[in-house]
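Trainee: I would like to learn how to read the sheet and the helices in a model. Where do we begin?

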Amino acid sequence: MHDSLTIALLQAREAAMSYFRPIVKRHNLTEQQWRIVRVLAEHPSMDFHDLAFRTCILRPSLTGILTRMERDGLVLRLKPLNDQRKLYVSLTKEGNALYERAQAQVEEAYRQIEAEYTPEKMQQLTALLEEFIVLGNRHIAERDREIPSEE
């Protein structure tokens, strides 16, 4: 019998978040809001569906989170005039400033993890996780091809 991979990954996520959660809270953000800020800081304007995928937030939940973030002046939601079905999201100046303030603390947390776990182990762990994500994405794509379309 195998140990539970999914439980081990959840426990590893909690271990990692023990370094970052205090930073996120210090900036009055939820973990989901921080993921949005971080992704948008790296990709200044992003399609709603891509943002949901990259932040691992379900689209219905993302809608509510973005509504609150827009109210708080952190993001803008924009619909192109030529395609009203699309929705793009960007950080505001306030959102970018928040990212800049928090990012220095996040980098310090990464330095602390590397000091305790070693940079080499962090590189190995990251490489293994990226490889596993590719494997999972491939599995999802194959499964989706097997499911007949309802058109």
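Mentor: We go through the sheet, then one helix, then two single residues. Keep in mind that this is a predicted model.

Trainee: In what order do the three strands of the open sheet lie, and is the pairing parallel or antiparallel?

Mentor: The order across a sheet need not follow the numbering, and here the three strands run β1-β3-β2 with antiparallel pairing. Strands β1 (45–47) and β2 (75–78) are at the edges; each has a single partner strand, so one side of each has no neighbour in the sheet. On average, neighbouring strands are turned by 25° against each other, direction ignored.

Trainee: How many bridges join β2 and β3?

Mentor: There are four bridges, in the antiparallel sense, between β2 and residues 88–91, which form β3. One of the residues to look up is Arg77, whose bridge partner in β3 is Val89.

Trainee: Which helix packs on the sheet?

Mentor: That is α4 (residues 59–71), which touches β2 and β3. The direction of α4 makes about 120° with that of β2.

Trainee: Next, α5. What span should its 25 residues have, and what is the distance between its end C-alpha atoms?

Mentor: A helix span is checked against a rise of 1.5 Å a residue. For α5 the expected span is 36 Å and the end C-alpha atoms are 35 Å apart, so the two agree. There is still a bend of about 30° in α5, at Gln103. Just after the helix, Thr118 has a positive phi of about 85°.

Trainee: Which residues of α5 are buried, and what do they pack against?

Mentor: Buried means under 20% relative accessible area. In α5 that holds for Gly95, Leu98, Tyr99, Ala102, Gln103, Val106, Ala109 and Ile113. The buried residues of α5 pack against α1 (5–26), α2 (31–42), β3 and α6 (119–146).

Trainee: Take Ala109 alone. What does it contact beyond its neighbours within four places in sequence?

Mentor: Ala109 contacts Tyr19, Phe20 and Ile23. Its relative accessible area is 4%, so Ala109 counts as buried. Sequence separation and distance in space are read apart: Ala109 and Tyr19 are 90 residues apart in sequence, yet their C-alpha atoms are 6.0 Å apart.

Trainee: And is Thr55 buried or exposed?

Mentor: Thr55, in helix α3 (residues 48–55), has 1% relative accessibility and is therefore buried. Not counting residues up to four places away in sequence, Thr55 touches Arg35, Ile36 and Val39.

Notes:
Residues numbered from 1 in each chain as written. Predicted model: local features only at pLDDT ≥ 70, side-chain atom pairs only at ≥ 80, totals over all residues. Heavy atoms only, no water. Pairing = 2+ DSSP bridges. Helix = DSSP H or I, 4+ residues; strand = E, 2+ residues; numbered from the N terminus. Axes fitted to C-alpha atoms, helices over the stretch in contact; angles between N-to-C directions. Contact = heavy atoms within 4.5 Å. Buried < 20%, exposed > 50% of the residue type's maximum accessible area, 1.4 Å probe, protein only. Expected span 1.5 Å × (residues − 1). Bend = angle between axes of the 7 residues up to and from the residue.
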